[in-house]
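This report describes the fold, the central sheet, selected loop residues and the ligand shell of one protein chain. The sequence and the structure are shown first.

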Amino acid sequence: MRFNEQHINEWRNDGFTTIPNFFSEAEYGPVLRDFETMYPNVPSATPRILGPSDDRSINAPKQFANIHNLPYNASAAINLISLHPQLIAFAKALLGVDEVHLYQSHTWAKYTGEADYDQAFHCDFGNHTLTVPADEPAGRTVDFIFYLTDVTDAHGSLRYVTKPDVARALGRPALAAPDEAQQKALRTYERSAAVPAGSLLAHGIDTMHRGSNLTAAGARRFSMTVGFKAAGNDAIGFHVWQQAAGRPWEMVINHATPDQLACLGIPRPGDPFWSARTLKLTQARWPEWDMSAYFSAAGVVATTVEPDV
Ligand SMILES: O=C(O)CCC(=O)C(=O)O
Ligand SMILES: [Fe+2]
C-alpha cells in the first residue's frame, strides 16, 4: 500500500493529505507523454501575467480551456491511471467502504501567461451534488489531484486551508467565504501543495482551496482531477460515462481489469447481469475486450456467432 493510517486520519481531520511521489516515473512518464500528444500547441513563452488593473472576471473562463474528460484520445496509460489499483484502494480506505465508483476524471494543462489561474477560496461541492457535503465519511467524496510535472509555488500549486484552520480563520467551519475579509483571513492560514511530478493530493468537495497563478517563465502544469464516491451514492455526480458513446472507450475497456471496470458500473464476472445474451452482445460491441473471465464465471462458451438480440 502506498498510503497509511496517518494519511487517512489527516484526510478525515484536515480535509487534505498529500503523498509525494505516489506514482513512480515508470507510471507517470507515459501519462506525461500522452499529455504532450493531447496538448501539442504549447503556447509560446511570452507570458503576460495579469496585473491588478486587469479585469479578472473576463479572464476567468480561460483558465478552464485545456481540460479533457475520460476517455482520452491517447494511449492506455492515461486512460487507466485514474483507475490505478492503489487509487481505488486509497479511495475505499478513506471512505471506509468496500466498493467505489469513479465519478470524475479530467486532465488539465495550465501555461504561464495563458490565463489568470488565481482563484478565490472555495469548496467544490456546488457542481458535484445538488445538496451539500455529507456528514458521514461513506457519503463523502475522495477528490484526487495528481501531477505529471513538478509543481512549485510558481507553477500554480494548489493553495489550501485545513478544516481546523478554517475554523480558526473564520471562527466556525465554513463551505464558502463570500466576503473579502473572509478571503483575507483564510489567506493567513493558506498552505501550498508544492510537490514533485507523480505526487498525489487527496481532498474532498468540502475543503477550502483555490487555484493559483503560474508565474515561472514559460512554465506548464499538467494535472489530473480524479473523483471517487461510494458505489450507490446517487447524491454525487459529475460525468455521465454512458453519454460518451463514440468516444474511445475501447482504450479503457480493452485494458482494464474487472475491478477497474466495476468502478465505471460494469458488473463483475459472476454478476447476475451476465447472461448468455448480455455476454455475447457486449462481446460483439467490444470485440477486442478479453471477456473470458466473464464468460467462464457464467458458464457460457464464447462464440464468434452474431448473437440474437
Ligand atoms: O487546479 C487547481 O489547483 C485548483 C483548481 C480548483 O480548485 C477549481 O477549479 O475548482
Ligand atoms: Fe476547486
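The chain contains eleven helices and eight strands. Its radius of gyration is 21 Å, close to the 19 Å that the globule rule gives for 309 residues, so the chain is as compact as a globular protein of that length. The model is a predicted one. Along the principal axes, the C-alpha trace extends over about 70 × 45 × 35 Å. Of the 309 residues, 36% are buried.

Two domains divide the chain: domain 1 covers residues 5–255 and domain 2 covers residues 267–298. Their centres, taken over C-alpha atoms, are separated by 34 Å.

**The sheet**

An open sheet is formed by five strands in the order S1-S6-S3-S8-S2, with antiparallel pairing. Strands S1 and S2 (100–111) stand at the edges, each with a single partner strand, so one side of each is left without a neighbour in the sheet. On average, and with direction ignored, neighbouring strands of this sheet are turned by 20 degrees against each other.

Strand S6 (residues 200–203) can be followed through its two partners. Three bridges connect it to S1 (residues 17–19), and the two strands run antiparallel. S6 also pairs with S3 (residues 141–147) in the antiparallel sense, over four bridges. Individual bridge partners are given in the table.

| Residue | Partner in S6 |
|---|---|
| Thr17 | Ala202 |
| Thr18 | Leu201 |
| Phe146 | Leu200 |

Which way do the side chains of S6 point? In a regular strand, side chains alternate between the two faces of the sheet. In S6, Leu200 and Ala202 point one way, while Leu201 and His203 point the other way. Each of these four residues is buried. Leu200, the bridge partner of Phe146, and Ala202, the bridge partner of Thr17, thus belong to the pair that points one way. Leu201, which stands opposite Thr18, points the other way together with His203.

**Loop residues**

Three loop positions deserve a separate description. Asn21 lies in the loop between S1 and helix H2 (25–38). Although Asn21 is not a glycine, it has a positive phi of about 55 degrees. Is Asn21 buried or partly exposed? Asn21 counts as partly exposed because it has 14 C-beta neighbours inside 10 Å, whereas a buried residue needs 20 or more.

Ile81 is located in the loop between helix H4 (76–80) and helix H5 (85–95). Ile81 has 22 C-beta neighbours inside 10 Å and therefore counts as buried. Phe23 and Ile81 are 58 residues apart along the chain, yet their C-alpha atoms are separated by 9.5 Å.

Pro71 is found in the loop between helix H3 (56–59) and H4. The peptide bond that joins Leu70 and Pro71 is cis, with omega at about 0 degrees.

**The ligand shell**

Which residues surround ligand 1? The shell consists of Gln119, Asp124, Leu158, His209 and Gly211. By class, this shell has one nonpolar, three polar and one charged residues. The nonpolar member is Leu158 and the charged member is Asp124, because Leu counts as nonpolar and Asp as charged. Gln119, His209 and Gly211 are the polar members, as Gly is included in that class.

Conventions. Residues numbered from 1 in each chain as written. Chains lettered and ligands numbered in written order. Predicted model: local features only at pLDDT ≥ 70, side-chain atom pairs only at ≥ 80, totals over all residues. Near = placed C-beta within 6 Å. Buried ≥ 20, exposed ≤ 12 C-beta atoms within 10 Å, placed from the backbone. Pairing = 2+ DSSP bridges. Domains from an automatic or database assignment. Axes fitted to C-alpha atoms, helices over the stretch in contact; angles between N-to-C directions. Rg over C-alpha atoms; globule rule 2.2 N^0.38 Å.
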